[in-house]
Amino acid sequence: MNIDLNPLGNAFYAVPECNNAKTGNESVPACGGAGGYDAGMRKCFNQRCGPGVAVADRSENCYRGSLIFQHGFKEAWFTRYFACAKHASSTKNWENYGQFVLCMERNYTTTEGGDLFETLIETCAESSNINFAEIDKCYKSGGGEEAFELEARNIPEHDGVPWIIVNGVVQPESYDENALLTAVQDAMGNSSKLLDAPRLAAIQQDHELLGARREERRRHITC
C-alpha cells in the first residue's frame, strides 16, 4: 500500500485569475476565513492549477504570490514543516512522515510558537527518524517555498477536507473519525470479500490524524 498525504489541503495561491471567484464566507461556515481564505478562490485555483490541468493550460501565475491558509499563520507554520519533512532526503517512506505529522498534530492546540514550537519540531523529527537540521534549514530558506509548490501542484479539485481518494476513486466526504479506515475498507471490500487486516493496521496512525487536533487537554509534547 502507498499512502500520500497532501499537507496543503485547503491552502491555495491567490492567483489574479481567480479574484472574481470569491464567494465570501457562505461556503465556509464555522471556518472564519482566517488569512483571507475564500472557498470560491480555492476551488478556482484547483481548477486552473491542479494536477488535472495540462501544463500548457495552467495560468502563468499558478504558484506565485501569497499562499493563503484557511486557518491563518499557525496552520502555515505547521504546514511548512510538513511539506519540508515530506520532501526531505532523510524521510524514507510514508510511515515515518505520517508519524511526524501525527506527532505534530497531537500538539497543535497547545503550541503557539517560540522555543516550545522549535522543541516540538525537534522532538517529533527525532521520534520519526527524520533529520531535524535538514527540515529546519528547508523551513528557514527557499526550500520551504519549493516544497509548498511541489505540494500545490498535486492538490486535486475538491469540495472540502478531509478529501480521500482510494485507487483513483473519490470517497464520500465525511468528518467521521473513521473516515479513512472506512474508505479503505470499502475499497478493499469491492475488490475482495476478505479484508486485509495487516494493511488496515498499517494505516491506523493516519486515521488518528483526523481527530488529533481535538486533543486539547494535552499540555506537553507527546509522540
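In the predicted model, Asn167 is placed in the loop that joins β3 to β4 (169–170). Although Asn167 is not a glycine, its phi is positive, at about 55 degrees. The residue counts as exposed, with a relative accessibility of 72%, a value that lies over the 50% cut-off for that class.

A second asparagine with a positive phi is Asn129, for which the angle is about 60 degrees, although this residue is likewise not a glycine. Asn129 belongs to the loop between α4 (114–127) and α5, and its relative accessible area of 64% places it among the exposed residues. Most residues other than glycine have a negative phi, and most peptide bonds are trans. With respect to the peptide bond, a departure from the trans form is found between Val161 and Pro162, where the bond is cis and omega is near 5 degrees. Pro162 lies in the loop that runs between α6 (142–152) and β3 (165–166).

These local features are set in a protein chain that comprises 9 helices and 4 strands, arranged along the sequence in the pattern β-α-β-α-α-α-α-α-β-β-α-α-α. Of the 223 residues in the protein chain, 46% are buried. Among the contacts with a separation of 6 or more, 70% are between residues that stand 24 or more positions apart in the sequence. The exposed area of the protein chain is about 12000 Å², of which carbon and sulfur atoms supply 49%.

Two packed helices are described by the angle between their axes and the distance between the axes. For helix α2 (residues 73–86) and helix α5 (residues 132–139), the axes come within 9 Å and cross at roughly 125 degrees. This angle lies outside the range of 65 to 115 degrees that counts as roughly perpendicular and is not over 145 degrees, the cut-off for roughly antiparallel, and α2 and α5 are therefore oblique to each other. The crossing in which α2 passes α5 is right-handed. On the side of α2 the contact is made by Trp77, Arg80, Tyr81, Cys84 and Ala85, and on the side of α5 by Ile135, Asp136, Cys138 and Tyr139. When these residues are sorted by class, the contact of α2 with α5 contains 7 nonpolar and 2 charged residues, with no polar residue; the charged class includes Arg80 of α2 and Asp136 of α5.

Notes: Residues numbered from 1 in each chain as written. Predicted model: local features only at pLDDT ≥ 70, side-chain atom pairs only at ≥ 80, totals over all residues. Heavy atoms only, no water. Axes fitted to C-alpha atoms, helices over the stretch in contact; angles between N-to-C directions. Helix = DSSP H or I, 4+ residues; strand = E, 2+ residues; numbered from the N terminus. Parallel < 35°, antiparallel > 145°, perpendicular 65-115°, else oblique. Left-handed = near helix turned anticlockwise from the far one by under 90°. Contact = heavy atoms within 4.5 Å. Buried < 20%, exposed > 50% of the residue type's maximum accessible area, 1.4 Å probe, protein only. Areas by Shrake-Rupley, 256 points an atom, 1.4 Å probe, with all protein chains shown as cover.
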